[in-house]
Amino acid sequence: MSTEHTLEDPRIVTLDPVTTAAVRATVRMEALRTFFDNSFSLLFATLGEQRTEPAGAPYARYRGEPTETVDVEVGIPVGAAITGDGDVRPSELPGGEVVTATHVGPYDGLGDSYRRLAGWI
């Protein structure tokens, strides 16, 4: 597996609130990849069952500083609120000023991209 990765286009932007469908849990760090895979499968299945199209790119929202565990929300923007189904719930990304960047490369390089973004901030 290649370990080459980059952090592209860090910048400050102002975002409007976004309605989402999401799965949220406190996850052990070593189980994060499996949580993402399972959550996206659930989310896309729920959107299909509710005949709802994604209205933007999938996201991950971390709440608090990761330690051995992390409180994370994985979601997909939607045009209108979904009906909660099992672990999939309606949610919202708040609007406001944020720092954004794109990590390009394998998952195992994500930590380095986070550190580089924190340094940029």
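Here's a quick tour of this protein chain, from its core out to its surface and its salt bridges. Keep in mind that you're looking at a predicted model. The chain averages a pLDDT of 91, and 98% of the residues score at least 70. Inside, there's a largest nonpolar core of 15 residues, while on the surface Ile12, Val99, Trp120 and Ile121 make up a nonpolar patch. The structure also holds four salt bridges, and three of them show up below.

**Confidence, element by element**
- Strand S2 comes out on top among the elements, with a mean pLDDT of 97.
- At the other end of the ranking sits helix H2, whose mean pLDDT of 88 is the lowest among the elements.

**The nonpolar core**
- Which residues touch the most other members of the largest nonpolar core? They're Ala21, Phe35, Leu43 and Val72.
- Three elements each give two or more residues to this core: strand S2 (18-28), helix H1 (32-49) and strand S4 (69-77).
- H1 supplies the largest share, with five residues.
- Here's a handy rule of thumb: in soluble globular proteins, nonpolar side chains tend to be buried together.
- Zoom in on Val72 and you'll find plenty of company, even when you skip its neighbours within four places in sequence: its contacts include Val23, Ala25, Val27, Leu32, Phe35 and Phe36.
- Val72 is also in contact with Ala60, Arg61 and Tyr62, as well as with Arg24.

**The nonpolar patch on the surface**
- Together, Ile12, Val99, Trp120 and Ile121 have about 410 Å² of accessible area.
- Ile121 sits in the segment after helix H2 (110-120), and it counts as exposed because its relative accessible area of 66% is over the 50% cut-off.
- Trp120 lies in helix H2 itself, and its relative accessibility of 40% makes it partly exposed.
- Which residues does Trp120 touch, if you don't count those up to four places away in sequence? Pro10, Arg11, Ile12 and Val99 are the ones.
- Take Trp120 and Pro10 as a pair: they're 110 residues apart along the chain, yet their C-alpha atoms are separated by 7.7 Å.

**Salt bridges**
- Asp9 pairs up with Arg11, and the closest N and O atoms are 2.9 Å apart.
- Both partners are partly exposed, with a relative accessible area of 48% for Asp9 and 35% for Arg11.
- Arg11 turns up twice in this tour, since it's also one of the residues that Trp120 touches.
- Glu30 forms a salt bridge with Arg28, where the closest N and O atoms are 2.9 Å apart.
- In that pair, Glu30 is exposed at 61% relative accessibility, whereas Arg28 is partly exposed at 43%.
- Arg63 bridges to Glu73, with 3.0 Å between the closest N and O atoms.
- What does the Arg63 and Glu73 pair tie together? Arg63 lies in strand S3 (residues 59-63) and Glu73 in strand S4, so the pair links parts that are ten residues apart in sequence.
- Is Glu73 buried or exposed? Glu73 is buried, because its relative accessible area of 3% is under the 20% cut-off.
- Its partner Arg63 counts as partly exposed, at 28% relative accessibility.

Note on methods: Residues numbered from 1 in each chain as written. Predicted model: local features only at pLDDT ≥ 70, side-chain atom pairs only at ≥ 80, totals over all residues. Heavy atoms only, no water. Core = buried A, V, L, I, M, F, W, Y, C linked by side-chain atoms within 4.5 Å. Buried < 20%, exposed > 50% of the residue type's maximum accessible area, 1.4 Å probe, protein only. Helix = DSSP H or I, 4+ residues; strand = E, 2+ residues; numbered from the N terminus. Contact = heavy atoms within 4.5 Å. Patch = residues over 30% accessible without salt bridge, like charges linked within 9 Å, V, L, I, M, F, W, Y side chains within 5 Å. Areas by Shrake-Rupley, 256 points an atom, 1.4 Å probe, with all protein chains shown as cover. Salt bridge = Lys/Arg side-chain N within 4 Å of Asp/Glu carboxyl O. pLDDT = per-residue confidence, 0-100.
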